[in-house]
Each structure stands twice: as C-alpha cells, then as structure tokens.
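Here are a few notes on the empty space in this one, plus a remark on the surface. Have a look at the model first.

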Amino acid sequence: MEKVLWNDQLVTRDAVHISIEDRGYQFGDGIYEVVKVYNGDVFTATEHIDRLYASADKIRMAIPYTKDVLHHLIHQLIEANELGTGIVYLQVTRGHSPRNHAFPNPSVEAVVTGYTRESARPVQDLETGVSVCLVEDVRWLRCDIKSLNLLGNVMAKQQAVEKGCFEAVQHRGDIVTEGSSSNAYGIKDGVLYTHPVNNLILNGITRQVILDCCAEIGLPVVEESFTVAQALEMDEFIVSSTGIEVMPVVKIEETQIGDGTPGQWTRKLQTAFEAKLPQQLHV
C-alpha cells in the first residue's frame, strides 16, 4: 500500500488529516520542492533540500526538521513505495491556526507532507523537440521563492494546453523571464543566453546543472535578459525543469526555431546532462 509523508512519519493516505485552517490551504502560505528519482536513485537531492530551506528563510518560516532528517525521510519514502523513475513531491506549510493574514502568534509548527509518483522520462519530446506559446508574466515579484502561490503559473500553463503547446514561455513586457514551470534559454551564434538570477525567476536546480554542462562542453553563457523578438531569432531554444530535463523548443508561437529540429548545442547539452544522471540509467 502506498505510503506518504506526514510530518516525520510514513503513513497511508487515509491516515493524513490536514486542518481546514491550514495556512497552505487558505493563503498558499508554504513552499515545496519536486525531486527527480531515476531507477530508485535521487538526483540533486542536496540542491533541492538546500533550496527548500532557502525558500523557508525568505518567508520567515521554520522547518521543524534538519536537512539530514528530510534526506532520510525522502529515502524512506522512495524505498517504501519502491519508486523506480519518477518524482518526490515535498511540501511545507506554516501550519494551521485560526484564519488571520498575519503570522500565527504564538507561532505554530509547520506541516510537512510528501508523496512519490512514477513518471517516465519524456524521451520522445527530448528527441523531437516541442512547441511553446508566449504569455504575459503576471505573477508576483518574488518568483525566486518556490512558494505554493502558483495561480499565475497555472493560468499560463492552461493557455499553453488550450493552444496545443508543451509549455508557456512568459515575458514581462518585452523581456522573457521563464516558463510556467520551467526555465528558458536561447542560443545564438554559439552563446547561451538566460535570464539572470533575481526575484523574477526561480533559480532552477536543472538550470544550475545545465550551466555546469555549458562549462564542460565549451558553450559560453551570458546571464542576461533577452526580448521576445530576440527569442524568435534564436538559433536554438530550450526549456528545462526537474521533470523535462534539457527540452528542445523547435517552435515559438508560429515561428520555427532554427531548422525546426533540436540544434547541435542542445544535443551536446542533453548528452552532458545525461552523463550526470545515476549510472544505472545508462546500463
């Protein structure tokens, strides 16, 4: 029977009882992480847990367990559910208390939940590439926090679905920021461009791995914002996240990118990225 994480215990789903006054439910007052698992091995777990704690610090919320405890609980959860390739979803809310916009006073203990889900690598899309649409970025101004406040992302993703696109690439005015659930990159004349890390984007863990891969394959990186018009003129375009890895974009709206197939630098990045995955993936 499937196990889920409820605070520091592994229990069945029907054993979890979340208060109707949980602040995550009423205010989106919480944070989360999605950690990728390949053939039972966790990928970049340290980076994800570190970012979870960084998000907690930014919203002045105390996680009631140490990083080591969370790492242990994640591994227990994976083993209990015999997860092969998929994800671990981990969420922390500020806890439950009578509804009041201000923080609970006295403070209450945060509520930690988590679960696993099987999810295969998107091999076909990684091979052929995907289409994306453009959506105005209407989210709040602290996108660097991986918070539960995802309504803007949800609305953008739905626009992509309704247009038959894989992802929505967002822009504030003329400036491209990131996807609805991904980071975005353009490659022009042998240089990779991506929005700088600030409050307008999430510094994705996969993004960090990709930048390391760029250094390894000799692809110069410029962390500098680019416009929608420049995006449409890129030789290659990529979106990335924990679930989609290094995903080639071959069409933005009605504009074909390059020759309409994943470019050479994208292929090199995919190869470098895959080399970092758990070794049994390649057996």
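1. Keep in mind that this is a predicted model. Counting cavities of 30 Å³ or more, the structure holds three. The largest cavity contains about 60 Å³ of space.

2. What lines that largest cavity? The residues are Lys36, Tyr38, Phe43, Thr44, His48, Ile205, Thr206, Val209, Thr242 and Phe273. Two elements, β3 (30–38) and α6 (205–217), each give two or more residues to this lining. The largest share comes from α6, with three residues. Sorted by class, the lining has five nonpolar, four polar and one charged residues.

3. Now the open space. The largest pocket has a volume of about 1,000 Å³. It is lined by 41 residues, and those closest to its centre are Tyr32, Val34, Lys146, Ser181 and Ser241. Elements giving two or more residues to the pocket lining include β3, α2 (45–58), β5 (86–93) and β6 (111–118). Also on that list are α5, β9 (175–179), α6 and β13 (236–241). If you plan to look at its chemistry, the pocket lining splits into 15 nonpolar, 16 polar and 10 charged residues.

4. One for the outside: Leu151, Val154 and Met155 make a nonpolar surface patch of about 320 Å². Val154 sits in helix α5, which covers residues 151–162. Why can Val154 count towards a patch? Its relative accessible area is 48%, so Val154 is partly exposed and clears the cut-off of over 30% for patch residues.

Note on methods:
Residues numbered from 1 in each chain as written. Predicted model: local features only at pLDDT ≥ 70, side-chain atom pairs only at ≥ 80, totals over all residues. Heavy atoms only, no water. Patch = residues over 30% accessible without salt bridge, like charges linked within 9 Å, V, L, I, M, F, W, Y side chains within 5 Å. Areas by Shrake-Rupley, 256 points an atom, 1.4 Å probe, with all protein chains shown as cover. Salt bridge = Lys/Arg side-chain N within 4 Å of Asp/Glu carboxyl O. Helix = DSSP H or I, 4+ residues; strand = E, 2+ residues; numbered from the N terminus. Buried < 20%, exposed > 50% of the residue type's maximum accessible area, 1.4 Å probe, protein only. 1 Å grid on protein atoms, 1.4 Å probe; cavity = no way out; pocket = protein on both sides within 12 Å on 5 of 7 lines; lining within 4 Å. Points joined across faces, edges and corners; volume = space filled by probe spheres on them. Nonpolar A, V, L, I, M, F, W, Y, C, P; charged D, E, K, R; others polar.
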